[in-house]
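Open your viewer and keep the selection box handy. We will go from one stop to the next, and at each one you will hear what to select and what is there.

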Amino acid sequence: WRRPEAPVPKSALTLAQTLERALAAYQQGTLEEAERLCRAILAARADHFDAAHLLAAAQARRGLHRQALAGYERALAIRPDHPEALYGRGNTLYALGRFKEAVASYDRVLAMRPNTARAFNNRGNALRRLKRYDEALASYDQAVRVRPNYAEALNNRGMSLYELKRYEEALASYEQALQVQPEYAEALNNRGISLCKLKRYADALASYDRALAIQAHYPEALYNRGLALQQLKRIEEALADYDAALALRPDLASAHMNGAICRLLTGDFDRGWEQHEWRWQTEHQRHTRRNFMQPLWLGKDDIAGKTILLHAEQGYGDTIQFCRYARLVSERGANVILEVAPRLKRLLSGLAGAHVVHARGEPLPQFDFHCPLLSLPLAFGTRLATIPAAPHYLSAPSDLVKAWDAKLRPDGRPRVGIAWSGNPAHKYDHERSISLSAVLPLLDLPIQVVSLQRDVSPQDKVMLNAHAADIAHFGLQHTDFLETAALASLMDVVVSVDTAIAHLACALGRPTWILLAFVPDWRWMLDREDSPWYPTARLFRQRRPDDWDEVIARVAAALADRIARREGGAERPAQ
């Protein structure tokens with residue numbers, strides 16, 4: 001802020017003196033006094049630009065963004081091309097979540113003052129919130145061009161590179177910011193996030209520790225340190241960090257959610273299911289929550305004689321795992337409507353306890369209550385000893401099984417179904433999926449290998465074509481999961497990564513060998529070879545992070561042992 005440029009006539013001296021006092025109050029942080037004085041000036045002269053501008057700036061600093069925007073609009077009505085007012089207006093629009101308009105306001109500033117580094121930086125922030133990451137990166141690059149040692153822009157530039165999955169470059173940008181400003185806690189936190197993506201967890205911990213040494217009460221850094229510890233399978237330490245983050249910021253949904261995951265991993269279902277309800281507040285799931293007029297049922301209301309909608313909320317595997325609760329709900333005397341993804345409708349239409357099954361998007365009948373599938377364990381107070389783990393609860397019709405059997409070569413060898421990758425859009429797919437080439441050692445065994453996957457990557461498609469004589473693959477003939485269930489029912493063993501096929505095979509009661517990452521999804525728990533959810537599952541865990549070769553070697557050895565037992569007449573009936 002500076003004093004009005006034009007000389008003040010004697011008749012306006014009182015206004016000029018009042019403005020001086022208002023400016024002094026603003027600079028000293030007594031913002032309400034600054035506002036009062038600006039209003040007094042504007043009451044005397046409605047077109048006083050400096051008073052209108054200062055009033056808006058004071059309101060913005062107090063977080064009164066709607067009033068501030070009106071103030072900036074008033075100032076700009078007097079001087080439409082004033083760059084400082086346009087810049088302040090852009091910041092206020094950003095604070096109000098009106099990011100496109102904020103970009104337009106910054107653009108007007110830059111049209112007049114093309115070397116305004118802070119406008120480039122804040123424009124980049126607005127573009128990043130619009131998920132226009134390439135444009136945001138270009139804007140940050142301009143800010144750094146104008147001001148090479150602009151630590152904030154370098155940090156923000158790293159955040160755009162991170163969103164573009166350019167993690168090494170993001171790390172380099174954070175390093176540049178820290179060279180300029182070594183005590184920059186936010187850059188240290190962001191540096192740790194990129195290091196985690198690069199699986200350099202020990203380095204990430206050191207970065208979070210530095211951030212927390214600078215800013216002890218930093219809930220995001222505590223939460224992120226917890227994530228790194230979780231990836232190192234230091235679960236109790238991770239829980240301590242999540243709890244510390246929540247002590248500082250009780251509404252940090254991601255810390256609640258990851259705390260729930262850790263508790264479920266370790267078998268603490270009592271607290272885990274309850275904390276798992278925070279998933280609806282996380283960035284990942286908040287937009288998928290269903291807002292029905294009917295009340296949510298979490299086990300307390302009497303539902304005898306009532307109709308309840310159980311609805312899928314996440315992936316195919318989650319639906320297959322938790323649809324088993326339909327029977328328990330029905331046993332409470334309720335009429336159960338089950339709503340699932342279209343590809344699961346035929347498979348689940350015969351599910352015990354589900355009176356009617358609808359595909360998502362179809363009109364729903366009237367109902368009295370609703371419950372998301374993954375809230376049912378909380379509703380029933382599920383503990384390890386009370387998991388409803390039937391030997392199987394899904395099946396495929398015999399005529400469909402016979403039709404698929406006719407497509408396979410009857411060569412007498414054991415049939416092994418394989419699934420090596422899941423949905424690439426899954427948040428943790430890079431942890432659970434492997435390439436087809438990783439499972440090729442299984443082809444050396446005297447088995448008939450059958451792909452149970454519908455969709456494959458372009459690289460895996462090339463590999464499948466090269467091994468067409470060794471791997472039966474049916475691709476889009478899997479029109480829905482009932483078709484896949486019929487084919488899986490013909491397998492002696494199913495070998496799968498942690499994806500829907502694993503859940504399907506287990507729900508069908510087939511011996512299913514599941515390949516798991518060093519730190520698996522919560523449902524597989526820790527350090528056990530069996531699953532309390534699926535009696536026919538056998539778990540093959542990574543003993544070292546990212547080492548799938550050793551896992552496949554153990555699977556191959558176990559298959560060889562199974563074949564030997566079969567040939568010797570001593571094969572065990574399960575697993």
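This tour starts with the whole chain and then moves to the core, the aromatic rings, the cysteines and two glutamates.

**The whole chain**

Before selecting anything, keep in mind that this is a predicted model. Show the protein as a cartoon: there are 26 helices and 10 strands to find. The C-alpha atoms fill a box of roughly 110 × 55 × 40 Å along the principal axes. Of the 575 residues, 53% count as buried. Among contacts with a separation of 6 or more, 61% are between residues 24 or more positions apart.

**The nonpolar cores**

Select Ile-308, Leu-310, Val-329, Leu-338, Leu-347 and Leu-394 next. These residues have the most contacts inside the largest nonpolar core, which has 151 residues. Now color helix 3 (residues 49-61), which gives this core its largest share, eight residues. In soluble globular proteins, nonpolar side chains tend to be buried together.

Zoom in on Val-329. Which residues does Val-329 touch, leaving out those up to four places away in sequence? They are Trp-297, Ile-303, Ile-308, Leu-310, Ala-334, Val-336, Leu-376 and Phe-380. Then pick Val-439, Leu-445, Trp-548 and Val-555, which are among the 29 residues of a second, separate core.

**The aromatic rings**

The model has 17 aromatic pairs. For one of them, select Trp-273 and Trp-522: the ring centres are 5.5 Å apart and the planes meet at 90°, so this pair is edge-to-face. Trp-273 belongs to helix 16 (residues 269-276), while Trp-522 is in the loop between strand 9 (512-516) and strand 10 (537-541), so the pair ties together parts 249 residues apart in sequence. Are these two residues, Trp-273 and Trp-522, buried or exposed? Both are buried.

Widen the selection to Phe-269, Trp-273, Trp-297, Phe-322, Tyr-325, Phe-380, Trp-522 and Trp-533, and you have one aromatic cluster on screen. Trp-297 and Phe-380 may look familiar, since Val-329 touches both of them.

Two arginines are worth a stop here. The charged end of Arg-324 sits over the ring of Tyr-534, 4.9 Å from the ring centre. Arg-538 lies over the face of Trp-513, with 5.1 Å to the ring centre.

**The cysteines**

Select the cysteines now. How many disulfides does the structure hold? The count is zero. Take Cys-196 as one example: the closest cysteine sulfur is that of Cys-262, 13 Å away, which is too far for a bond. Cys-196 counts as buried at 15% relative accessibility, and Cys-38 is buried too, with a relative accessible area of 0%.

**Two buried glutamates**

Go to Glu-339, in strand 2 (residues 335-340). Its relative accessibility is 3%, so Glu-339 counts as buried. Show side chains and look for Arg-290, which is joined to Glu-339 by a polar contact of 2.8 Å. Beyond four places in sequence, the residues Glu-339 touches also include Leu-310, His-311, His-358 and Arg-360.

The last stop is Glu-431, in helix 22 (residues 429-432). With a relative accessible area of 17%, Glu-431 is buried. A polar contact of 3.4 Å links the side chains of Glu-431 and His-430. Leaving aside neighbours within four places in sequence, Glu-431 is in contact with Lys-199, Tyr-201, Gln-231, Ala-517 and Trp-548. You met Trp-548 earlier, in the second core.

Technical notes: Residues numbered from 1 in each chain as written. Predicted model: local features only at pLDDT ≥ 70, side-chain atom pairs only at ≥ 80, totals over all residues. Heavy atoms only, no water. Core = buried A, V, L, I, M, F, W, Y, C linked by side-chain atoms within 4.5 Å. Buried < 20%, exposed > 50% of the residue type's maximum accessible area, 1.4 Å probe, protein only. Helix = DSSP H or I, 4+ residues; strand = E, 2+ residues; numbered from the N terminus. Contact = heavy atoms within 4.5 Å. Phe/Tyr/Trp six-rings, centres within 6.5 Å; stacked < 30°, edge-to-face > 60°. Lys NZ or Arg CZ within 6 Å of the ring centre and 35° of its normal. Disulfide = S-S within 2.5 Å. Polar contact = N/O pair within 3.5 Å; in protein donor to acceptor, adjacent residues only side chain to side chain.
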